[in-house]
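Hi,

Here's the structure I said I'd pass along. Have a look at it first, and then read on for what turned up.

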Amino acid sequence: MEKDEILKKCAECLTATRKATPLCPSITNSVTINFVANAQLAAGGSAAMVYLPDEGEFLAGGCGAFYINFGTLLPVYEETLPRTMAALHKNNAAWVIDPVGLGIGSMRTKLVSCAKQYKPSIIRGNASEIIGVAKLWGLLSEDESNKSSGAKGVDSTDEVLDAKNAAIALANYTGGAVAVSGKVDLVTDGKTTVLCHGGSAFLPLITGAGCSLGGVCAVYAACGGAFVGALTATLVYNAAASKAEKYSKGPGTFQPNFLDEIYNLTTTDLETATIELI
Amino acid sequence: MEKDEILKKCAECLTATRKATPLCPSITNSVTINFVANAQLAAGGSAAMVYLPDEGEFLAGGCGAFYINFGTLLPVYEETLPRTMAALHKNNAAWVIDPVGLGIGSMRTKLVSCAKQYKPSIIRGNASEIIGVAKLWGLLSEDESNKSSGAKGVDSTDEVLDAKNAAIALANYTGGAVAVSGKVDLVTDGKTTVLCHGGSAFLPLITGAGCSLGGVCAVYAACGGAFVGALTATLVYNAAASKAEKYSKGPGTFQPNFLDEIYNLTTTDLETATIELI
Amino acid sequence: MEKDEILKKCAECLTATRKATPLCPSITNSVTINFVANAQLAAGGSAAMVYLPDEGEFLAGGCGAFYINFGTLLPVYEETLPRTMAALHKNNAAWVIDPVGLGIGSMRTKLVSCAKQYKPSIIRGNASEIIGVAKLWGLLSEDESNKSSGAKGVDSTDEVLDAKNAAIALANYTGGAVAVSGKVDLVTDGKTTVLCHGGSAFLPLITGAGCSLGGVCAVYAACGGAFVGALTATLVYNAAASKAEKYSKGPGTFQPNFLDEIYNLTTTDLETATIELI
């Protein structure tokens, strides 16, 4: 696909999503759960969050796309996440995982490992997390596995381009897409790999910039599929953040302004976005 | 009661609440728990949230009014909610339930069923939820039961007026009040039924507009009783939302502006509100 | 130490923290968890929140400082908090406790009692909570124990100066610092006791003003130690709140403005702060 064709598909995805307001349920961390829901609503979707196994299974049955974020795990997740992921896989549903905090505690490793067999449509994370998942799933050579310097809590210590091979390997394995967030963002379906510019220095200063991007990936994947969905979400985030930054005097006011800009974004903003095919 | 008399009682309730700052504890979902607390504070109340059985019971003992929201259930709720509701009933306390997400999972159905025997003072929900509770509690004829098209996740697919009979049936059963939220809002104590106009198209675009209204119903019920409390909360929400919408450029900035307007609302705003007796 | 020397140390702590962006994990309540994280980021730190025992232990191993807040307890905390506190103590880590809601339920009393043996570096709370901890830990005479009128939910019914002896007793016991929040704020290491002026009447009207101050105490303690860390956090909060109040029309817009001001605060703002040695 050419750049213009890709951007046109993203603009069409934006229009279709706002018309359909797809229900995109989440199992997500309590730190940023409110921001995820508000970002999904601003992006044109409908949100619903749950914790219990049968609720995850139920919503996996009739959703536009599902978002699973591995932050702030609760004991019940040991049952909820495998059952929900199995239901999503069985229903051939679109779903997104966000392996936040990979490396902290044993349950997270176990659950992200468990996700492998169910092949999530989109994997979204920072560079350290994407390298971490590819390593955990045995998709990297030993050489490449040793490249990552690991995460610092929930923050990346790796650069986005360092995660390129890991992202492509994951996308080829799942047959879906992978989105790596950082100063520059990378989205790939294993064949086409796109770099996205824009965004704002305020994004890493508000908690949940990444989590809410994952939730919004689900919203656009419901109407655009994995690759176009992940890319639309990334472009929307970069364009909205650039705009909001211009008139925000700090990270506090940046957040509501950013939600406003997601809500007010036009298809022209997407069609004129700056992307690079690599 | 005449319109003017009703509105005067609501204005008095606002004044009394701000003076008393009643403690209104909640057991509520993690998505909107912060917004619920901030709305309760802006409305003139004091907030405290808990999850554990003995904490719910303890706070049921000395509160102005209690708010129970059935979203994002945790395993411990199976014990916490019945014990807390029993304590509220025993203490003859004012309390509000918000049956959000009714239809998702088995525990929610079980817990909302359990609430029946304890007769909550106020039931607040969207049209689909109110019809759902009335159906679950066996208060509707089969004909009426079949009217609802059900919820889409946590959103209503029914119109407010379609829930009128269900709302009246519930209020007559509990001896309290029911508030149905939507484009127009309905508040009834079974005898007097009021339609409230105003609000904002931004309200459904911020997560927790309904949940926080439930929390604020508790705040005003602490000083005004069930019907006046539910109506005051609804009028405050409609007036504050109309004002905030005028200078908000999207749902992101609408939320903080809306909280400001709740805080700054005057008794005149309530005395001049547009209501309709039906 | 003289006033000027103290303020200079706080200004140096601010500069050092922004350079180091210390990772300050939290186990904290779900009501204000988002605000805690955003305040920590605005203050110059990095945030990560967890609930599970091995995750708390893991993060206790490599953190700048750790924040433990006793609000919205979950059943798993019975294991998570003792194991995390033991790990922090063993690692000689800096950590902060916030005994919010002390008096509500049995688990909170048990866990705050358990914290005694591990001697947290900073205890932050309102006057009622600080008196409550000192009483629970057996550090007050019977006379002084009877002074407190107790908390109203999560709000204080005591004045800050009433908690002076309790705060000093706690600091002498732990060898760390204690910060008491209220209209005037008190910070002590048992030897030096400082009163801080400033702040805003909007602070008690936004949920989590206290919780997020606790999280920010951890951020500055990571670089400045217990006393300077607690005092820097308190001064930052007072200065940022005073500034934000000037152009906020209510508690809704005050919150994002307040975060902006924390982010934009200068060392000059700290060097010119008004404190009183008592």
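Below are my notes on the symmetry, the core and one of the interfaces.

One thing up front: this is a predicted model.

Symmetry first. A turn of 120° with a shift of 0.0 Å along the axis lays chain A on chain B, at an RMSD of 0.0 Å. That is how a three-fold axis relates its copies. The copies use different surfaces, though, as just 3% of chain A's contact residues recur in chain B. If you want to find the axis by eye, go to Ser30(A): its C-alpha sits 3.7 Å from the axis, the closest approach of any chain A residue.

Now the core. The largest nonpolar one has 314 residues, and Tyr77 and Phe258 of chains A, B and C have the most contacts inside it. Helix α9 of chain B (residues 209–246) gives this core its largest share, 22 residues. As for Tyr77(B), its partners further off in sequence include Ile27(B), Tyr51(B), Pro82(B), Met107(B) and Leu111(B).

Then there's the contact between chains A and C. About 2,200 Å² is buried there, 61% of it on carbon and sulfur atoms. On the chain A side, Val31(A), Ile104(A) and Lys249(A) supply 23% of the buried area, more than any other three residues. The polar side of things comes to 12 residue pairs in polar contact and 2 salt bridges. One of the bridges joins Arg108(A) to Glu55(C), with the closest N and O atoms 3.4 Å apart. The largest share of chain A's side, 4 residues, comes from α10(A).

Cheers

Notes:
Residues numbered from 1 in each chain as written. Chains lettered and ligands numbered in written order. Predicted model: local features only at pLDDT ≥ 70, side-chain atom pairs only at ≥ 80, totals over all residues. Heavy atoms only, no water. Least-squares fit on C-alpha atoms with pLDDT ≥ 70 in both. Contact = heavy atoms within 4.5 Å. Core = buried A, V, L, I, M, F, W, Y, C linked by side-chain atoms within 4.5 Å. Buried < 20%, exposed > 50% of the residue type's maximum accessible area, 1.4 Å probe, protein only. Helix = DSSP H or I, 4+ residues; strand = E, 2+ residues; numbered from the N terminus. Buried area = accessible area lost by both parts, 1.4 Å probe. Salt bridge = Lys/Arg side-chain N within 4 Å of Asp/Glu carboxyl O. Polar contact = N/O pair within 3.5 Å; in protein donor to acceptor, adjacent residues only side chain to side chain. Lists of a residue's contacts leave out its neighbours within four places in sequence.
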